[in-house]
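Work through the exercises below with the model open. Try each task before reading its solution.

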Amino acid sequence: MRAGMSYFHETIWKGVPKFLPPVDMSFKNIRINERVPYNAPLLQLSSWMGGDRDGKPRVTPEVTRDVCLLTRIMATNLYFSKIGWLKY
C-alpha cells in the first residue's frame with residue numbers, strides 16, 4: 001500500500017502541472033483564445049489500491065479504509081507543503 005502510494009507523488013503531483021500547459025498551448029494553436037477552465041474535467045483519477053478484492057484475502061474493508069485515509073493524508077501534506085509559506 002505505502003509503496004504504491006509513492007506513485008501518487010511522482011505521477012500525479014509532479015505530472016499534472018506538466019500536462020496542463022501543453023493543453024493550454026494546443027488551444028492557442030487552433031486559435032482558441034481561452035485557457036482551459038480550472039474546473040474542466042480533463043483528468044479522471046482512480047486507483048485499484050485497497051479495492052482489488054478479486055480473490056485477494058488480505059484486501060479487507062479495513063485495508064480499503066486505510067488506503068483512502070492515507071491518500072487523503074498524502075494529498076493534504078502535499079498541499080500544505082506548497083502553501084506553508086503563506087502567513088495568516
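**Exercise 1. Aromatic pairs**

Task: Search this predicted model for aromatic pairs; how many does the whole structure hold?

Solution: The search finds one. Next, classify its geometry. A pair of aromatic rings is described by the distance of the centres and the angle of the planes. The partners are Trp 13 and Tyr 79, with ring centres 5.3 Å apart and planes at 85°. Planes over 60 degrees apart count as edge-to-face, so this pair is edge-to-face. Now place the partners. Trp 13 belongs to helix α1 (residues 2-13), Tyr 79 to helix α3. They are 66 residues apart, so the pair links distant parts of the chain.

**Exercise 2. Exposure of the two partners**

Task: Decide which exposure class Trp 13 falls in, and which Tyr 79 falls in.

Solution: Buried means under 20% relative accessible area, exposed over 50%. Trp 13 has 23%, so it counts as partly exposed. Tyr 79 has 53%, so it counts as exposed.

**Exercise 3. Helix α3**

Task: Check the span of α3 and list its buried residues.

Solution: Take the 23 residues of α3 at 1.5 Å a residue; the expected span is 33 Å. The end C-alpha atoms lie 33 Å apart, which agrees. The buried residues are Val 67, Leu 70, Ala 75 and Leu 78.

**Exercise 4. A nonpolar patch**

Task: Which residues form a nonpolar patch on the surface, and where is Leu 43 found?

Solution: The patch is formed by Phe 19, Leu 20, Leu 42, Leu 43 and Leu 45. Together they have about 430 Å² of accessible area. Leu 43 sits in the loop between α2 (15-29) and α3 (61-83). Its relative accessibility is 41%, so Leu 43 counts as partly exposed.

How values were computed: Residues are numbered from 1 along each chain as its sequence is written. This is a predicted model: local features need pLDDT of at least 70, side-chain atom pairs count only at pLDDT 80 or more; totals for chains, interfaces and linings use all residues. Side-chain values use heavy atoms; hydrogens and water are left out. Patches are made of residues with over 30% relative accessible area and no salt bridge: like charges are joined within 9 Å, nonpolar side chains (Val, Leu, Ile, Met, Phe, Trp, Tyr) within 5 Å. Accessible areas come from the Shrake-Rupley method with a 1.4 Å probe; for residues, only the protein chains shown count as cover. A salt bridge is a side-chain nitrogen of Lys or Arg within 4 Å of a carboxyl oxygen of Asp or Glu. Helices (H or I, at least four residues) and strands (E, at least two) are DSSP runs, numbered from the N terminus. Buried means under 20% relative accessible area, exposed over 50%, partly exposed in between (1.4 Å probe, protein chains only). The expected span of a helix is 1.5 Å times one less than its number of residues. Rings of Phe, Tyr and Trp (its six-membered ring) pair if their centres lie within 6.5 Å; planes under 30 degrees apart count as stacked, over 60 as edge-to-face and the rest as tilted.
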